[in-house]
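Work through the exercises below with the model open beside you. Each task is followed by a stepwise solution.

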Amino acid sequence: MQEFCAAGVCPVSALGLGAHEREWLGRLCPDAQSVLVYLFPYFAGRRPGNLSLYARGRDYHAVIRDALTPVADRLCERHPAHRFAVLADDSPLPEVRAAVLAGLGAAGQNGLLIHETYGSYVVIGTIAASLPIAAAQQRPRACLGCGACVRACPARAIGAAGVDPARCLSALTQRGGDVSAEEAALLRQHPLAWGCDACQTACPMNRDVPLTETPAFRENLIDSLDADALDGLTRRAFLEKYPGRAFTWRGPAPLRRNLALQRGADTQQTENPS
Ligand code: SF4
Ligand code: SF4
């Protein structure tokens with residue numbers, strides 16, 4: 001089955017890449033001319049839980065790679081003189097900008113891509129190509145500019161310039177190491193142990209979105225983790241217990257810290273990055 005719901009292409013020249021991004025892309029795909037962009041819907045319903053919705057199924061990085069690698073292989077066979085490299089939200093490439101330029105949606109005030117049907121419940125995969133490919137003109141429906149995401153953000157992370165990643169709870173819950181007193185206060189009040197869905201839940205473009213048809217995003221879901229589930233686990237044991245999950249890449253330490261803060265416990269003993 002085809003996991004992605006939409007595909008488009010944008011020229012690399014339109015992305016406005018900085019020197020670091022250009023150098024990085026050049027190493028992966030020398031003389032990259034185009035970026036093929038694919039959207040993968042992941043919404044599987046709103047069941048209670050303390051993991052962000054995107055992290056409850058199989059790790060989306062792996063889902064994207066599994067889906068796009070055969071596409072890139074076919075392109076290589078058809079165009080043997082060119083290079084095609086799969087990227088799965090694991091690079092400095094500005095995926096949201098690429099998706100907007102490819103006509104697949106609009107950039108929301110919350111910094112996420114908004115697709116007309118699936119709202120912001122999509123993850124973005126790309127294939128960088130040395131082949132110049134003409135981009136089709138599409139007119140995506142824009143973000144409504146309603147400000148619901150701004151009002152819903154518990155960290156006040158959304159401003160006129162977009163989302164401040166230093167304040168965003170999605171990033172903060174995933175960060176290892178110490179947190180400041182202000183950050184600890186935010187984490188204490190936050191209902192999730194991993195990620196943050198507040199701006200997406202509030203967004204009217206996410207109302208009544210269809211459920212994903214991708215089995216990896218709708219089967220074997222883990223909605224929640226508690227302290228008992230993490231108790232005594234080394235990093236290796238954690239990865240073995242929860243293979244192929246997006247919430248494992250930092251090991252168990254950030255999750256333990258977040259859960260401890262929610263319980264009001266002293267976090268000093270949860271910072272061990274084991
Ligand atoms: S993910 Fe959460 S903290 Fe980050 S911008 Fe959205 S509502 Fe704010
Ligand atoms: S809540 Fe409103 S302003 Fe924010 S991304 Fe959604 S449509 Fe745009």
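## Exercise 1: the domain interface

Domain 1 and domain 2 bury about 2000 Å² between them, 50% of it from carbon and sulfur atoms. Buried area is the accessible area (1.4 Å probe) that two parts lose on being put together, summed over both. This is a predicted model: local features need pLDDT of at least 70, side-chain atom pairs count only at pLDDT 80 or more, and totals for chains, interfaces and linings use all residues. Residues are numbered from 1 along each chain as its sequence is written, chains are lettered from A and ligands numbered from 1 in the order in which they are written, and side-chain values use heavy atoms, with hydrogens and water left out.

**Task.** Describe the interface of domain 1 and domain 2: its bounds, contacts and polar pairs.

**Solution.**
1. Set the bounds. Domain 1 covers 6-129, and domain 2 covers 148-204 + 223-270. These bounds come from an automatic or database domain assignment.
2. Take the centres over C-alpha atoms. They are separated by 24 Å.
3. Count the residues in contact (heavy atoms within 4.5 Å). Domain 1 gives 23 and domain 2 gives 25.
4. Find the main contributors on the domain 1 side. Asn50, Leu51 and Asn110 supply 32% of the area that domain 1 buries against domain 2, more than any other three residues.
5. List the polar contacts. Such a contact is a pair of N or O atoms within 3.5 Å; within protein, one must be able to donate a hydrogen and the other to accept it, and residues adjacent in sequence count only if both atoms are side-chain atoms. The interface has 18 residue pairs of this kind, both residues at pLDDT 80 or more.

## Exercise 2: salt bridges

**Task.** Which residues are joined with Asp223 into one network of salt bridges?

**Solution.**
1. Apply the rule: a side-chain nitrogen of Lys or Arg within 4 Å of a carboxyl oxygen of Asp or Glu. The whole structure gives 7 salt bridges. Between domain 1 and domain 2 the count is 2.
2. Start with Arg47. Its salt bridge with Asp223 has closest N and O atoms 3.0 Å apart. Arg47 sits in the loop between β2 and α2, and Asp223 in the loop between α8 (215-218) and α9, so the pair ties together parts that are 176 residues apart in sequence.
3. Add Arg56. Its salt bridge with Asp223 has a closest N to O distance of 3.3 Å.
4. Join the pairs. Arg47, Arg56 and Asp223 form one network through shared partners.
5. Check accessibility. Buried means under 20% relative accessible area, exposed over 50%, partly exposed in between (1.4 Å probe, protein chains only). Asp223 is buried at 18%, while Arg47 is partly exposed at 41%.
6. Compare another pair. Glu183 and Arg175 meet in a salt bridge at 3.0 Å, N to O. Glu183 is buried at 15%; Arg175 is partly exposed at 28%.

## Exercise 3: the largest nonpolar core

**Task.** Where does the largest nonpolar core lie with respect to domain 1 and domain 2?

**Solution.**
1. Build the core: buried Ala, Val, Leu, Ile, Met, Phe, Trp, Tyr and Cys residues joined through side-chain atoms within 4.5 Å. The largest has 42 residues; Tyr38, Phe40 and Leu68 are among those with the most contacts inside it.
2. Map it onto the elements. Helices (H or I, at least four residues) and strands (E, at least two) are DSSP runs, numbered from the N terminus. Among those giving two or more residues are β2 (34-41), α2 (60-78), β6 (122-129) and α11 (253-263). The largest share, 8 residues, comes from α2.
3. Place it. Domain 1 and domain 2 both give residues to this core, so it lies between them.
4. Inspect Leu68. Leaving out residues up to four places away in sequence, it touches Phe4, Tyr38, Phe40, Val86, Gly125, Thr126 and Ile127.

## Exercise 4: helix α11

**Task.** Is α11 largely enclosed or exposed, and what does it pack against?

**Solution.**
1. Count the buried residues. They make up 9 of the 11 in α11, so this helix is largely enclosed by the rest of the structure. Leu255 and Leu259 are among them.
2. Find the partners. The buried residues of α11 pack against α5 (169-174), α6 (181-189), α9 and α10 (235-241).
3. Look past the end. Gly264 follows α11 and has a positive phi, near 80 degrees.
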